[in-house]
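Welcome to the tour! Please open your viewer, show the chain as a cartoon, and get ready to select a few residues and ligands as we go.

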Amino acid sequence: MRYDLHTHTLHSDGTLTAPELVAHARACGVDALALTDHDSTSGVAEARAAAATCGLTLIPGVEISVTWDGLTVHILGLGIDTRCEPLEQGLTRLRTFRDGRALEIDRRLRKSRVDGALDYVRAHVRGAIFARTHFARFLIERGYVRDMRQAFKRYLGRGAPAYVPGQWATLVDAVGWIRAAGGVAVIAHPGRYGLTHAKLTRLLAEFQEYGGRGIEVVSGNHDPATTARFAGIAVARGLLGSIGSDYHGPGQSRVELGRLPELPRGCAPVWEAF
Ligand code: AMP
Ligand code: MN
Ligand code: MN
Ligand code: MN
C-alpha cells in the first residue's frame, strides 16, 4: 500500500481541484490519500466522491494552524468526521483571522511599494481561505520575486516587511477539536520549525499530554537525516509515524505525490490507528 497523508487542493493553497488531486494520486500509484487543506475541510466531500469512482481510499483530513510558544506549528487531523461542530467552529475562527490578515498583508505590501496584491488574490482564490502562498504567487507573477522562496524571504516570511504574526489556535484546542471529530492528531513536518532539542521535547510532551498521537516522520520537507532523526524520536516517545508529501500541485512542491520513502523500520504506522 502506498500512502500519502498530507496534500492540498484549491480549497486552500493547492493548485488542483479535489477531483484532479484524486485522479493524479491514482496515476501516481497512491492507494490511500489524506486531503489536508489548511484550516478547512470544504474539499473533503468532493474528494471522497471522486475517490469512490476510482478505488482510492480517501482519508478526510485537515492541517490546522497553531500558535505555540510564539511559533506557528501545523497539526494534521487525520480520519476526522468533518461534521463535528467544535472542529468546524474552530476552523471558521481561523479563516476569519485569515480574512483580516489578508487586508493587513496588503497594507504592508503597499508600504513596500507593491500595489494590487489583494485585488489579485481576491480574483484568484477559489477556495475557503486566504494564504500567504496566494500572495507569493502574485509577487512571482508580477516579477517582484523569482520564486516562492524569495517571496517569503523578501516579503511574507517571519521578519520580512509584510509578515503579520499569526493568531492561530492553541495546541490544546487544535488537538481537542481533532479528537472530538474522532481523528488522530499528527505534528506536520517537524523538521521545518527549527526547534532546539529542549523546545522540541517540550512541544512533544505537551502534544502527547493533550492526546496527540502522531508525528510526520517521512515528509516532502525532510532530508534523509531528518527522517531518521524523527523516526528515532517517534519510537522513543511512542508516537505513530506518518508519511506525507505536502503536495500543493504540479511544479509547486519539492516531491511528487506519493513519491516518498517508506516509514523507517520500527516506526509504528499512523494508519493502524484509523
Ligand atoms: P499561511 O498558512 O497562509 O501563513 O501560509 C503558509 C503556507 O505558505 C505553507 O503552507 C506553505 O505552503 C507556504 N510557505 C511557507 N513558508 C514557505 C517558504 N519559505 N517557501 C515556500 N512556501 C512557503
Ligand atoms: Mn500550504
Ligand atoms: Mn504545513
Ligand atoms: Mn501542508
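Before we start, keep in mind that this is a predicted model.

**Stop 1: ligand 4**

Select the manganese ion called ligand 4, then show the side chains of His6, His8, Glu63 and Asp246. These are its protein donors, lying 2.1 to 2.2 Å from the ion. Trace them along the sequence and you will find the spacing H-x1-H-x54-E-x182-D. Now look at where two of them sit: His6 is in the loop between β1 and α1, while Asp246 is in the segment after β7 (240-244), so this pair ties together parts that are 240 residues apart in sequence.

**Stop 2: ligand 2**

How far is the manganese ion (ligand 4) from the manganese ion (ligand 2)? Draw a distance between the two, and your viewer should show a separation of 4.6 Å. Next, select Asp13, His38 and His248 around ligand 2. Asp13 donates through OD, and both His38 and His248 through NE2, at 2.2 Å from this manganese ion. Their pattern along the chain reads D-x24-H-x209-H. Asp13 belongs to the loop between β1 (3-4) and α1 (18-27), and His38 to the loop between β2 (32-35) and α2 (44-54); this pair links distant parts of the chain, 25 residues apart.

**Stop 3: ligand 3**

Move on to the manganese ion named ligand 3, which is 5.6 Å from the manganese ion of ligand 2. Which residues coordinate ligand 3? Select Glu63, His74 and His189: they reach this manganese ion with OE, ND1 and NE2 respectively, at 2.1 to 2.3 Å. You have met Glu63 before, as one of the donors of ligand 4. The spacing for ligand 3 is E-x10-H-x114-H. Colour strands β3 (residues 57-68) and β4 (residues 71-78) to see Glu63 in the former and His74 in the latter, so the pair ties together parts that are eleven residues apart in sequence.

**Stop 4: ligand 1**

Finally, select ligand 1 and turn on a surface for the protein. The space that ligand 1 takes up is the largest pocket. Helices to colour here are α3 (85-111), α5 (132-141) and α6 (148-156), the elements that each give two or more residues to the shell around ligand 1. Show that shell: among its residues are Arg98, Arg101, Ala131, Met148 and Phe152. Asp13, His38 and His248 surround ligand 1 too, and you already know these three as donors of ligand 2. By type, the shell divides into three nonpolar, three polar and four charged residues.

Zoom in on the oxygen atoms of ligand 1. One is 2.7 Å from a side-chain N or O atom of Arg132. Look also for an oxygen 3.2 Å from a side-chain N or O atom of Asp13, and for a polar side-chain atom of Thr133 at 3.3 Å from a ligand oxygen. Taken alone, ligand 1 exposes 500 Å², and the protein buries 79% of that.

Notes:
Residues are numbered from 1 along each chain as its sequence is written. Chains are lettered from A and ligands numbered from 1 in the order in which they are written. This is a predicted model: local features need pLDDT of at least 70, side-chain atom pairs count only at pLDDT 80 or more; totals for chains, interfaces and linings use all residues. Side-chain values use heavy atoms; hydrogens and water are left out. A residue is near a molecule or strand if one of its heavy atoms lies within 4 Å of it. A polar contact is a pair of N or O atoms within 3.5 Å; within protein, one must be able to donate a hydrogen and the other to accept it, and residues adjacent in sequence count only if both atoms are side-chain atoms. Accessible areas come from the Shrake-Rupley method with a 1.4 Å probe; for residues, only the protein chains shown count as cover. On a 1 Å grid over the protein atoms alone, a cavity is a set of points where a 1.4 Å probe fits but cannot get out, and a pocket is an open set with protein on both sides within 12 Å along at least five of seven lines; lining residues have an atom within 4 Å of a point. A molecule sits in a cavity or pocket if more than half of its atoms lie within 2 Å of its grid points. Helices (H or I, at least four residues) and strands (E, at least two) are DSSP runs, numbered from the N terminus. Ala, Val, Leu, Ile, Met, Phe, Trp, Tyr, Cys and Pro count as nonpolar, Asp, Glu, Lys and Arg as charged, and the others, Gly among them, as polar. Donors are N, O and S atoms within 2.8 Å of the metal (3.2 Å for Na, K and Ca); water is not among the atoms, so sites may look incomplete.
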